[in-house]
Structures are given as structure tokens and as C-alpha cells.
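The following exercises concern ligand and metal binding in a predicted model. Each task is followed by a solution in steps.

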Amino acid sequence: MRILIALAAALTVAGATTAQAAAPPEVTALAAPNINVANVQAHLNQFQSIANANGGSRAHGRPGYLASVNWVKGKLDAAGFTTRVQSFTYNGATGYNLIADYPGGDLNNVVMLGGHLDSVTSGPGINDNGTGSASILEVALQMKATGFQPTRHVRFAWWGAEELGLRGSRFYVNSLSAADKSRIKAYLNFDMTGSPNPGYFVYDGADGQPAGSVALQQRLQAGFTTLNVQTELVKVGGRSDHAAFAAANIPTGGTFTGAEQTKTTAQARKWGGTAGQAFDRCYHRSCDTTSNVNATALDRNADVIAYALWAIAA
Ligand code: DPN
Ligand code: ZN
């Protein structure tokens, strides 16, 4: 699906040499790209193959985790991102965050998008959180493919060891100077965006989150509205990697399609799917494979990520 952002922009004529009356401002459409869900699914297939080749998981301290980092890094390097692997130690094993900067934009005005790349040890972690990881990867690649040149600087992160207590994201935020923290104006988190019995949740920006979080919430809600999808607010508290940013007083937001909780009758009426069943029956289980992803939810969330990024970073 395609989402258009209407922007008022002044027309400028390159190379004009004669003084003429300025052209009137015109409304042009700056289109956020329609994220092709087949591309996101191809990334998920890659994560599944990596797990299959590495004992069935992509967990912290297991070879499938570093293989995931290296694969995502290769895609970003090829697209011209400036990438960095940040190591940390947790539980006697080395963990890794992958940080990727899109060249250009105001370095004092940074927008970050992130998601955790690790799985639990019991499975390949395709919905949790191959989905968020693959979606922000595809959005990053489409920045380059479309030649997007935002005013703000855009940075992506794939976090390690989320499943062991948000370790990687906390390590990253703690590694920043006060000045570097203050340069980050927004952090958007994507953790589980393709649940098989999906809900459409947006992080509640008023739930003890820093000032500015409600604006991010509303931007994400607007993306879903454009797709004619109803949303509910969810209080995610400390359950994912936005928490370290919120603790540093950085505005946060995100989307979520549900985990172990049960879809209500009212939610099934609104979103379809099965009432009385978990949003993700394979949450943290070995069956969290590529079969455990709802393609419509994956597609809609990827489009909303692009919609929000194009609007916020413009
Ligand atoms: N943090 C998620 C997990 O990795 O288990 C679950 C979750 C994601 C919960 C997003 C709330 C919001
Ligand atoms: Zn998760």
C-alpha cells in the first residue's frame, strides 16, 4: 500500500539567472515508499536459514546471533550506510549491537529506529523479532533506493540480548555522552510486527514516556489511519528496547502486533482473526518460524514505519 504525505514546498528553479517573481508555493506530494512485503519476507527467510544452520536459534551467545548481525550489516554496507558493531559482555558471552547511519542530515537532530535482532534460545525468533528487524532493514534500504535526503540524520539499530533483559539497547544508551543523548530527538522501536493473530497496537506516548512521545504515537496512528486500520494504544512499559531511551528522556514510540496475550471478542471484530486465542501462540517457542507471520500485519507495519520515518525525518 502507498501512503502519501502532502507537504507544502516552494518551487525553486535550478540555474535561474534572471530575477523573476518568485513562483508561488505549490503543494507537492512527498511519497513515503510503499514497502514491498515480499522483500521483508525474503529477509525473514534469511533469518530462518541462519537459525537452521546454527542449531535452531539466533540467541545471544549462539552463533546464529552473530551470523544475523553479519548478514544485516552486509546489506547495509552495500547500500552505503556507515555501520558499526558495538560489542558488550553479558552472561559470560559477547553480545553485539549493529548501528547503521544513513549518510547526511543534521547530526544534532537525530532520528533513531531500532529493534532487537536476538531470539530466545528455544527457537528462530521470526515474529519475535525477525519481523521488526527485517522491516527496519527494508525501510533503510528503501531510503537509499529512493534517494531520500531527509533534513534530520537517521540512524538504525539492531539490538543484542533483548531477550535477556534489554541488555544491548541499555549498553548503547549508557555508552552515549550527555551531548550525544541530547542529539537524539526520537527513538522508534519495532518488536513483533507480524503476529499470526494480529492486533494493531501503538505505544502509548502518555504512559510515563518523555515529552514528545505523544507526537510520535500520533504520527504512527496517522499511518494506520491512512491504511484504514484501527489501532489501540498499548502500555509497553519496560518490555522492549525503547525503555533505555525513555529513561534517558528521549521521546519514544513504536508499533506492536501482540504477543502471549489473548485477543478479545471486540478485538477480533475490529481486526479479524481469532478471539480467545493469543496474538502469537508461538511466542518464545520453537514454532516461531516463517510460518508464524501474518503477511498483512507485516506489510501494514512496514508501510507505517516508512510513513512515520519520511514524515519525522523530512
Ligand atoms: N519484548 C518482547 C519480547 O521480546 O519478548 C515482547 C513485547 C514486545 C512486549 C513489544 C511488548 C511490546
Ligand atoms: Zn521481542
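**Exercise 1. The zinc site**

Along the chain, the donors of the zinc ion (ligand 2) show the spacing H-x11-D-x62-D. Identify the protein donors of the zinc ion (ligand 2) and state where Asp128 and Asp191 lie.

*Solution.*
1. The donor atoms come from His116 (NE2), Asp128 (OD) and Asp191, the last entering twice through OD.
2. These atoms lie 2.0 to 2.7 Å from the zinc ion, within the 2.8 Å cut-off for a donor.
3. Asp128 belongs to helix α3 (residues 126–146), whereas Asp191 is in the loop between β7 (184–190) and β8 (201–203), so the pair ties together parts that are 63 residues apart in sequence.

**Exercise 2. The surroundings of ligand 1**

Determine which residues are around ligand 1 and how the shell divides by class.

*Solution.*
1. The residues around ligand 1 are His116, Asp128, Glu162, Glu163, Asp191, Met192, Val236, Arg239, Phe256, Tyr283 and His284.
2. Sorted by class, this shell comprises four nonpolar, two polar and five charged residues.
3. As to location, ligand 1 occupies the largest pocket.

**Exercise 3. Polar contacts and burial**

Describe the contacts of ligand 1 with Arg239, Tyr283 and His284, then give the share of ligand 1 that the protein buries.

*Solution.*
1. A nitrogen atom of ligand 1 is 2.5 Å from a backbone N or O atom of Arg239.
2. The side chain of Tyr283 places an N or O atom 2.5 Å from an oxygen atom of ligand 1.
3. For the side chain of His284, the distance from an N or O atom to an oxygen atom of ligand 1 is 3.0 Å.
4. Ligand 1 taken alone exposes 320 Å², of which the protein buries 96%.

Note on methods:
Residues numbered from 1 in each chain as written. Chains lettered and ligands numbered in written order. Predicted model: local features only at pLDDT ≥ 70, side-chain atom pairs only at ≥ 80, totals over all residues. Heavy atoms only, no water. Near = heavy atom within 4 Å. Polar contact = N/O pair within 3.5 Å; in protein donor to acceptor, adjacent residues only side chain to side chain. Areas by Shrake-Rupley, 256 points an atom, 1.4 Å probe, with all protein chains shown as cover. 1 Å grid on protein atoms, 1.4 Å probe; cavity = no way out; pocket = protein on both sides within 12 Å on 5 of 7 lines; lining within 4 Å. Sits in = over half its atoms within 2 Å of the grid points. Nonpolar A, V, L, I, M, F, W, Y, C, P; charged D, E, K, R; others polar. Donors = N, O, S within 2.8 Å, 3.2 Å for Na, K, Ca; no water. Helix = DSSP H or I, 4+ residues; strand = E, 2+ residues; numbered from the N terminus.
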